[in-house]
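Got your viewer open? Let's take a short walk through this protein, one selection at a time.

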Amino acid sequence: MEAAYSLSKPLTPPPPPTESPSPEPPEEGCFSAKATVQLEDGSFKLIKDVGIKDKVLAVDKRGKQLFSEIVLLMDVVPDYVGEFVAIEAGGRHLHLTPAHLLFIAGSDSSSFDPVSIFAGQVKKGQYVHVVEPVNGGVEKVRIERVCRVQDHGAYAPLTEEGTIVVDNILASCYAVFSNPKVAHWSLAPFRWLHSMNKTLEYFINASLNLGQDPKCGIAWYPSILHQIAEVLYIV
């Protein structure tokens, strides 16, 4: 009796499961998803939920509070998990990525003379500007603690003013570039486009799609600025 041989191929074990790729880190400096901003009506909103045309609390160059319109979501990375700088001052807590610009109070206590530095360079003992909407004041408060933490979500809204109050602490909207004035100037053409779009909406009830609110990733205009800066070795 002849032996029976199987013609089927031998079974091979399945490949090991692969981890899903981690989301790309934000190209702009960003705030964590749990950060909050104050709206013009006095209510608060998570920064991950703000949208174009929302007016949020900011501070002008003279140190006066105002509500400034959001004109662009520069970077949106909802699934990002990574390192943030945690800053605690006067009971306020702020989480932002190391490359984001924060305003440090100058030595003259009688004037509003903020100095912008990267969040990754902030040290305990320096002073930040804490904004109290109730009394309309901008107060210099000593930083009590600075550390690195893991947090999630990364959001970078841009206001017309170029500043934003997040968790009651004044910050710049900008990152990567060390000079916020240069960054603000470089985004002037986009703010002009946004202004023209509002004019179109008012007169003819129509507007252009400026790609102001990407669902994920960096918006097209700051992406172009980054590419130019890399070519010129600015960043």
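Does Y221 count as buried or exposed? Select Y221 and show the surface: with a relative accessibility of 12%, Y221 counts as buried, because the cut-off for buried is under 20%. Keep in mind as you go that this is a predicted model.

**Stop 1: the aromatic rings**

Stay with Y221 and add F190 to your selection. These two rings make an aromatic pair of the tilted kind, with 5.6 Å from centre to centre and 55° between the planes. Now colour the helices: F190 sits in helix 2 (residues 188-204) and Y221 in helix 3 (residues 220-231), so the pair links distant parts of the chain, 31 residues apart. F190 is buried, just like Y221.

Next, select W220. W220 and Y221 pair edge-to-face, with 5.6 Å between the centres and 80° between the planes. What about the surface here? W220 is partly exposed, because its relative accessible area is 38%, which falls between the 20% and 50% cut-offs. Show F190, W220 and Y221 together and you have one aromatic cluster. If you want to go ring hunting later, the whole structure has four aromatic pairs.

**Stop 2: strand 9 and its partners**

Now select residues 137-159, which make up strand 9, and then residues 65-89, strand 4. The two strands run antiparallel and are joined by 15 bridges. To see one of them, pick V77 and look across to its bridge partner in strand 9, A154.

Which other strand can you add? Try strand 8 (residues 127-132), also antiparallel to strand 9 and joined to it by six bridges. One of the partnerships is between V130 and E139 of strand 9. Strands 8 and 9 form a hairpin with four residues between them, and in this hairpin G136 has a positive phi near 70°.

**Stop 3: a hairpin with two residues between its strands**

Move on to strand 10 (residues 163-166) and show its side chains. T163 and V165 point one way, I164 and V166 point the other way, and all are buried. That fits a general pattern: in a regular strand, side chains alternate between the two faces of the sheet.

Finally, add strand 11 (residues 169-175), which runs antiparallel to strand 10, with four bridges joining them. Click on T163 and find its bridge partner in strand 11, S172. Strands 10 and 11 form a hairpin with two residues between them, and D167 in the turn has a positive phi of about 50°.

Note on methods. Residues numbered from 1 in each chain as written. Heavy atoms only, no water. Pairing = 2+ DSSP bridges. Buried < 20%, exposed > 50% of the residue type's maximum accessible area, 1.4 Å probe, protein only. Phe/Tyr/Trp six-rings, centres within 6.5 Å; stacked < 30°, edge-to-face > 60°.
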